[in-house]
Amino acid sequence: MGVTKTEIFTEQQNRMADLAKAFAHPARVAILQLLAQRKACVCGDLVDELSLAQATVSQHLKELKRIGIIQGEINPPRVCYCINETVWEEARQAFGALLDTFVVAATCC
């Protein structure tokens with residue numbers, strides 16, 4: 001696997017790429033949709049709702065938490081997760097601004 005030269009990109013570009021990882025797998029998208037729809041912390045029933053293996057869900061939750069787009073509380077034996085509203089808004093603004101920079105031209109190939 002190639003080496004990523006993150007140091008040649010701006011901090012903003014690296015952060016946007018990191019945020020994009022949250023949406024780069026359908027399981028993570030499904031987890032985010034579920035959490036966003038609930039608008040509350042979800043404890044333990046993600047596996048049942050997503051029909052995925054516990055290990056798969058755990059791995060995706062770990063990545064989403066690393067990115068910061070979700071947050072969780074550990075209250076043994078359960079872990080509760082919810083959307084981190086600050087990071088969600090950061091992603092919404094960053095991708096909105098990026099998408100707004102390109103205006104489709106009628107003369108495009």
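**Exercise 1.** Is Asp18 buried or exposed? Work it out in this predicted model, then place the residue in its surroundings.

*Solution.*
- Start with the area: the relative accessible area of Asp18 is 17%.
- Next, apply the cut-off: buried means under 20%, so Asp18 is buried.
- Then find its element: Asp18 sits in helix H1, residues 11-22.
- Finally, look for partners beyond four places in sequence: Asp18 touches Arg66 and Ile67.

**Exercise 2.** Which residues of H4 are buried, and where do they lie around the axis?

*Solution.*
- Begin with the helix itself: H4 has 14 residues and reaches 20 Å from first C-alpha to last, close to the 20 Å expected at 1.5 Å a residue.
- Now list its buried residues: Val57, His60, Leu61, Leu64 and Ile67.
- These cover an arc of only 120° around the axis, so they are on the same side of H4.
- Turn to the face pointing away from that buried side, and you will find the exposed residues Ala55, Gln59 and Lys62.
- Just past the helix comes Gly68, with a positive phi near 100°.

**Exercise 3.** Which residues have the most contacts inside the largest nonpolar core? Follow one of them outward.

*Solution.*
- The core has 20 residues, and the ones with the most contacts inside it are Leu32, Leu35, Leu46, Leu61, Leu64, Ile69 and Ile70.
- Elements giving two or more residues to this core include H1, helix H2 (26-38), H4 (54-67) and strand S3 (78-83).
- Take Leu61: setting aside neighbours within four places in sequence, Leu61 is in contact with Ile31, Leu46, Ile70 and Tyr81.
- As background, nonpolar side chains in soluble globular proteins tend to be buried together.

Methods: Residues numbered from 1 in each chain as written. Predicted model: local features only at pLDDT ≥ 70, side-chain atom pairs only at ≥ 80, totals over all residues. Heavy atoms only, no water. Helix = DSSP H or I, 4+ residues; strand = E, 2+ residues; numbered from the N terminus. Buried < 20%, exposed > 50% of the residue type's maximum accessible area, 1.4 Å probe, protein only. Contact = heavy atoms within 4.5 Å. Core = buried A, V, L, I, M, F, W, Y, C linked by side-chain atoms within 4.5 Å. Expected span 1.5 Å × (residues − 1). Arc of directions from axis to C-beta.
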